[in-house]
Amino acid sequence: MTPEALFEKAKKSNALPETAKLQSEFKFVDDAAELADLVLSGVKTATTSALDLYRDDEPLPQTGAYDVVLDSQNQAVCVIKNDRVIATKYLDVDAKHAYLEGEGDRSLTYWRQVHHAFFVEEYQSEGHVFDEHNANMLLENFHVVYPTT
C-alpha cells in the first residue's frame, strides 16, 4: 500500500483527525523491515537522526506530526505520531532513549556502538566528518496510531 493510501485510510477510519497532514514517509536506513516490525510491535518508539545533515529546504520533524513508516520494499506499514521531538548533542543521548529505540539489547552501550558506525557513514556520505563531541541530533519519540494490519 502506498503511504498516501494508508494515510487516507487512517483518516477515514477516524484514527486520525480529518484535518491531519502527512509530515513525511520514511524507511529506516539499516534493516528497514526489521525496524518497521519493531515499530509495529510497539518495541521501537523512538529514533534518532542527525540534525546537522538536514538540508535548509528540508522540514524538520515536528511534535504532533504524522509520518508513515515504510518497509524495505517501500510499502507503508503504519502511521505514527510524534509525541516529542528534541534536539541534543550525540553524547547527551541517554539510556532511556536508547532503550526506547528498541534495538539490540536496548542498552546505551549497544546504541552508541551501532549509531556511531551509522553516523560516521552518514556524515561521510554528505561530505562531513562525524564528531561525537559536537554532533547535533534530533530525538523523536512516537507511537503507532494506525497499522496496516
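Glu8 is partly exposed, with a relative accessible area of 35%, in a model that is predicted rather than determined by experiment. Its partner in a salt bridge is Lys11, and the closest N and O atoms of the two side chains are 3.5 Å apart. Lys11, in contrast to the partly exposed Glu8, is buried, its relative accessible area being 9%. Both residues belong to helix α1 (residues 3-12), where, because they are three residues apart, they are separated by about one helical turn.

This pair belongs to the subject of salt bridges, of which a search of the whole structure finds five. Side chains of opposite charge can pair when their charged atoms come close. A further salt bridge is formed by the side chains of Lys44 and Glu101, with an N to O distance of 3.5 Å. Since Lys44 is placed in the loop between α2 and β2 and Glu101 in helix α3 (residues 95-101), the pair ties together parts of the chain that are 57 residues apart in sequence. Lys44 and Glu101 are both buried. Lys44 also forms a salt bridge with Glu103, for which the closest N and O atoms are 2.8 Å apart. Here the loop between α2 and β2, which holds Lys44, is tied to the loop between α3 and α4 (108-125), which holds Glu103, so that the parts brought together are 59 residues apart in sequence. Glu103 is buried, as is Lys44. Through shared partners, the salt bridges join Lys44, Glu101 and Glu103 into one network.

Charge of one sign is also found gathered on the surface, where Asp30, Asp31, Glu34, Asp37 and Glu121 make up a patch of negative charge. Of these residues, Asp31 is located in the loop between β1 (22-26) and α2 (32-41). Asp31 counts as exposed because its relative accessibility is 52%, and the exposed class begins over 50%. Ala32, by contrast, is placed in helix α2, and with a relative accessible area of 9% Ala32 is buried. Ala32 and Gln73 are 41 residues apart in sequence, while their C-alpha atoms are 8.7 Å apart in space.

With regard to aromatic side chains, eight aromatic pairs are found in a search of the whole structure. One of them is formed by Phe26 and Phe28, whose rings are arranged edge-to-face, with 5.2 Å from centre to centre and 90° between the planes. A pair of aromatic rings is described by the distance of the centres and the angle of the planes. The two members of the pair fall into separate accessibility classes, because Phe26, at 21% relative accessibility, counts as partly exposed, whereas Phe28, at 8%, counts as buried, the boundary for buried residues being under 20% relative accessible area. Elsewhere in the sequence, ring pairs link Tyr90, Trp111, Phe118, Phe119, Tyr123 and Phe130 into a cluster.

Leu60 is found in the loop between β2 (46-50) and β3 (66-70). At 35% relative accessibility, Leu60 counts as partly exposed. The separation of Leu60 from Leu35 amounts to 25 residues in sequence and, from C-alpha to C-alpha, 21 Å in space.

Conventions. Residues are numbered from 1 along each chain as its sequence is written. This is a predicted model: local features need pLDDT of at least 70, side-chain atom pairs count only at pLDDT 80 or more; totals for chains, interfaces and linings use all residues. Side-chain values use heavy atoms; hydrogens and water are left out. Patches are made of residues with over 30% relative accessible area and no salt bridge: like charges are joined within 9 Å, nonpolar side chains (Val, Leu, Ile, Met, Phe, Trp, Tyr) within 5 Å. Accessible areas come from the Shrake-Rupley method with a 1.4 Å probe; for residues, only the protein chains shown count as cover. A salt bridge is a side-chain nitrogen of Lys or Arg within 4 Å of a carboxyl oxygen of Asp or Glu. Lys and Arg count as positive and Asp and Glu as negative; His and the chain ends are not counted. The place of a charge is taken as NZ of Lys, CZ of Arg, CG of Asp or CD of Glu. Helices (H or I, at least four residues) and strands (E, at least two) are DSSP runs, numbered from the N terminus. Buried means under 20% relative accessible area, exposed over 50%, partly exposed in between (1.4 Å probe, protein chains only). Rings of Phe, Tyr and Trp (its six-membered ring) pair if their centres lie within 6.5 Å; planes under 30 degrees apart count as stacked, over 60 as edge-to-face and the rest as tilted.
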